[in-house]
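User: Could you walk me through this one? I'd like short answers that end on the thing I ask for.

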Amino acid sequence: MTNLKGIALPLLLAFSLLHFPFSESAWFINYHIHIRNDLPLLTTPPETPNLFLDCKSTGKYIGDKLMLVKQDYTWDTKINFARSTHFYCNARWVDHKEITFDAFRAKRDESRCKKYHNSCMWSVRSDGIYFSNNNATWQNEYPW
């Protein structure tokens with residue numbers, strides 16, 4: 001019986017790794033999250049930030065940032081073993097609107113963000129938060 005336990009556990013582990021939903025190398029991929037301020041300037045002076053971002057996950061605080069027009073906020077992450085990596089941001093268009101959106105969800109983004117250098121591209125615009133995985137076509141995923 002002791003020999004059976006000694007063999008069964010390694011076999012079970014090997015079997016589970018072979019049937020895991022994505023390859024082991026995916027654990028080492030750096031995903032790049034980019035959020036760009038594409039809001040209109042309106043009446044504020046050119047050097048006045050008009051977007052406030054506060055981004056975090058369960059285990060990591062990315063920080064808050066006041067952003068000027070055309071400024072890019074970026075960070076990298078890896079997907080954890082459970083594929084539960086999740087970063088969300090609160091975006092506030094100063095004196096206008098506010099929304100919380102998912103900047104990176106492993107199960108949603110691991111394949112779609114691989115298409116463009118492992119990058120998830122976000123653009124904050126006057127009618128919502130847009131996503132692109134090729135930096136050419138954009139889709140409004142979070143209307144204000």
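Analyst: Below are questions and answers on sheets, one loop residue and disulfides.
This is a predicted model, where local features need pLDDT of at least 70, side-chain atom pairs count only at pLDDT 80 or more, and totals for chains, interfaces and linings use all residues. Residues are numbered from 1 along each chain as its sequence is written, and side-chain values use heavy atoms, with hydrogens and water left out.

User: In what order do the strands of the four-strand open sheet run?

Analyst: Strands here are DSSP runs of E, at least two residues long, numbered from the N terminus, and two of them pair if DSSP finds at least two bridges between them. The pairing in this sheet is antiparallel. Strand 3 (61-67) and strand 6 (97-105) are the edges, each pairing on one side only. Read across, the order is 3-2-5-6.

User: How many bridges hold strand 5 and strand 6 together?

Analyst: Strand 5 covers residues 86-93 and runs antiparallel to strand 6. One pair to look at is H86, which stands opposite R105. In their hairpin, three residues sit between the strands, and D95 there takes a positive phi near 70°. As for the bridges between strand 5 and strand 6, the number is eight.

User: What is the average turn between neighbouring strands in the five-strand sheet?

Analyst: That open sheet has the order 4-1-7-8-9 with mixed pairing. Its edge strands are strand 4 (72-77) and strand 9 (139-143). Angles are taken between N-to-C directions, from 0 to 180 degrees, using lines fitted to C-alpha atoms. With direction ignored, the average turn from neighbour to neighbour is 25°.

User: Which residue is the bridge partner of R125 in strand 8?

Analyst: Strand 7 (residues 119-125) and strand 8 (residues 128-132) run antiparallel, with five bridges joining them. On the strand 8 side, R125 is partnered by G128.

User: Is T85 buried or exposed?

Analyst: T85 sits in the loop between strand 4 and strand 5. The cut-offs are under 20% relative accessible area for buried, over 50% for exposed and partly exposed in between, with a 1.4 Å probe and protein chains only. T85 has a relative accessible area of 10%, so the label is buried.

User: Which residue's backbone oxygen does the T85 side chain reach?

Analyst: Contact means heavy atoms within 4.5 Å, and leaving aside neighbours within four places in sequence, T85 is in contact with residues including T77, I79 and F104. On the polar side, the backbone nitrogen of N80 lies 2.9 Å from a polar atom of the T85 side chain. The backbone oxygen that the T85 side chain reaches, at 3.4 Å, belongs to K78.

User: How many residues apart in sequence are C55 and C89?

Analyst: These two form a disulfide (cysteine sulfur atoms within 2.5 Å), with their sulfur atoms 2.1 Å apart. C55 is buried at 0% relative accessible area, and C89 is buried at 0% too. C55 lies in strand 2 and C89 in strand 5, so the bond ties together parts whose separation in sequence is 34 residues.

User: Is the disulfide of C113 and C120 left-handed or right-handed?

Analyst: The sulfur atoms of C113 and C120 are 1.9 Å apart. C113 counts as buried at 0% relative accessibility, and C120 also counts as buried at 0%. The torsion about their S-S bond is about 110°, so this disulfide is right-handed.

User: What pattern do the disulfides of the protein follow?

Analyst: A search of the whole structure finds two disulfides. Counting bonded cysteines along the chain, the pattern is 1-2, 3-4.

Conventions
Polar contact = N/O pair within 3.5 Å; in protein donor to acceptor, adjacent residues only side chain to side chain.
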